[in-house]
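Thanks for sharing this one. Here are a few notes to read with the model open beside you.

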Amino acid sequence: ALPICLAGDAAPRVCGTVQVERDAGKSAALAGTLETLAFPPDWVRQVDRDEASALAGLPLARGGVFFSQGMLVQPNRLIDALLETAGVTLLPGKAARVEPAGQGWRVLDEQGAEWVQAQVVILANAAGARDVLAGSGLLDPLPRVAQMHALTGEVTLVPAAALSGGPRCIVGGEGYLLPDVGEGCVVGSTYVHDATEARVSADGQRVTLAKAAGLLSGHFPDFEALVPGSLPGWAGWRAVLPGRLPAVGELQHARGVWLAVGYASRGLSWSALMGDLIAARLAGEPSPLETDLAQLISPR
Ligand SMILES: Cc1cc2nc3c(=O)[nH]c(=O)nc-3n(C[C@H](O)[C@H](O)[C@H](O)COP(=O)(O)OP(=O)(O)OC[C@H]3O[C@@H](n4cnc5c(N)ncnc54)[C@H](O)[C@@H]3O)c2cc1C
């Protein structure tokens, strides 16, 4: 594989993550879980409320666990940089279906014109993959993938000044609050079922601001004065499969066609690991995933 050098804002930044426990008084159970799983403490450790607050640089509602290697990513910067990597060619358009061609497959657009031909085609278009598979007559043997649905939601950008400069590390729990990346602190997120469009809304911002408030303790008058509906934000879709695990791998009934979809709420973590998995299989290298885990996410 070619080494990829991500510079500046495109590179994930290690800032650590405090995961605030959901309910106060769960510390004993949490300590037991960490002890049972025996993770190294420099990877994850329990923190009480004072330590969690010191790490975040803001008073937090509860203690929890601290992942010192938690990373903050700016997806738009990362994606732009990845698209400029040597070997990547961008051909904008919409794929309608795939069909066998020579030793591999051709991808056709909605007019039925050939878009591209390749030995290996990886459908990585979230819930859109269902339509491409159906249009190609490949969906029937995949009942789990057929149940993939699109779930919308939004995040809100809060001016850092309203939160004394914002947290120093990622604060997660029931929702999340992220360090300022220059445009404000991202707070999220909402889950809207049966929506027909993804959009930023006053109702959504009421939810995201309430989730952020639930992670904090103490008073932030400028934060409390923010008006839902008046803030910048972003809305998008999550592709969700039953069990919230993705569907990744080669189709057994169409060799050469691969899926990499269904990352639900965790696309940034899943996509890097799944990229590794797909590359390892294509290159005949050992899998980065154990067999039983690989089985759980195999397209079916
Ligand atoms: C509000 C919100 C907050 C989130 N927060 C986080 C977070 O903090 N951390 C995290 O890891 N994840 C988060 N996620 C989830 C994350 O956004 C997704 O997991 C991730 O975007 C999935 O990546 P993807 O490339 O598989 O799909 P997408 O990002 O949905 O991209 C799929 C692309 O395929 C294109 N496409 C679809 N059909 C076709 C077709 N037929 N032909 C060509 N192109 C097609 C679409 O236009 C789209 O550009 C969040 C999601 C939402 C909605």
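The points below go through the domains, the ligand site, two residues and the salt bridges.

1. **Status and domains.** Please keep in mind that this is a predicted model. The domain assignment gives domain 1 as 8–75, domain 2 as 118–148 plus 241–300, and domain 3 as 156–230. Domain 2 is therefore listed as two stretches of the chain, since its bounds come from that assignment. Between the centres of domain 1 and domain 2, taken over C-alpha atoms, there are 31 Å.

2. **Around the ligand.** Which residues come nearest to the ligand? They are Ala95, Tyr176, Ala264, Ser265 and Leu268, out of 22 residues around the ligand. Three of these names return in the next point, so they may be worth labelling in your view.

3. **Polar atoms facing the ligand.** The side chain of Tyr176 places an N or O atom 2.9 Å from a nitrogen atom of the ligand. With Ser265 it is a polar backbone atom that lies 2.9 Å from a ligand nitrogen. For Ala264, a backbone N or O atom is 2.8 Å from an oxygen atom of the ligand. On its own the ligand has 1000 Å² of accessible area, and the protein covers 65% of that.

4. **Elements of the shell.** Helix 4 (128–135), strand 10 (149–158), strand 14 (233–240) and helix 8 (267–282) are the elements that give two or more residues to the shell around the ligand. Strand 14 gives the most, with 4 residues.

5. **Trp234.** Staying with strand 14, have a look at Trp234, which has its place there. Is Trp234 buried or exposed? Its relative accessibility is 55%, so Trp234 counts as exposed. Leaving out residues up to four places away in sequence, Trp234 touches Gly153, Glu154, Val155 and Val200. A further distance you can check is the one to Gly204: the two residues are 30 apart along the chain, and their C-alpha atoms are separated by 11 Å.

6. **Ser189.** This residue is found in the loop between strand 13 (185–188) and helix 6 (202–215). Ser189 counts as buried because its relative accessibility is 6%, and the cut-off for buried is under 20%. Its side chain joins that of Arg238 in a polar contact of 3.1 Å. Beyond residues up to four places away in sequence, Ser189 touches Glu154, Val155, Gly175, Tyr176, Thr208, Lys211 and Arg238. Tyr176, among these contacts of Ser189, is also one of the residues that come nearest to the ligand.

7. **Salt bridges.** How many salt bridges are there? The count comes to 11. One of them pairs the side chains of Glu51 and Arg45 at 2.4 Å, N to O. Glu51 counts as partly exposed, at 32% relative accessibility, and Arg45 is partly exposed too, with a relative accessible area of 29%. Another salt bridge joins Glu250 and Arg255 through their side chains, at 3.1 Å from N to O.

8. **A linked set.** Arg97, Glu99, Arg106 and Glu114 form a network of salt bridges. Within it, the side chains of Arg106 and Glu114 meet at 2.8 Å, N to O. Arg106 is partly exposed, with a relative accessible area of 22%, and Glu114 counts as partly exposed at 44%.

Conventions
Residues numbered from 1 in each chain as written. Predicted model: local features only at pLDDT ≥ 70, side-chain atom pairs only at ≥ 80, totals over all residues. Heavy atoms only, no water. Buried < 20%, exposed > 50% of the residue type's maximum accessible area, 1.4 Å probe, protein only. Polar contact = N/O pair within 3.5 Å; in protein donor to acceptor, adjacent residues only side chain to side chain. Contact = heavy atoms within 4.5 Å. Salt bridge = Lys/Arg side-chain N within 4 Å of Asp/Glu carboxyl O. Near = heavy atom within 4 Å. Areas by Shrake-Rupley, 256 points an atom, 1.4 Å probe, with all protein chains shown as cover.
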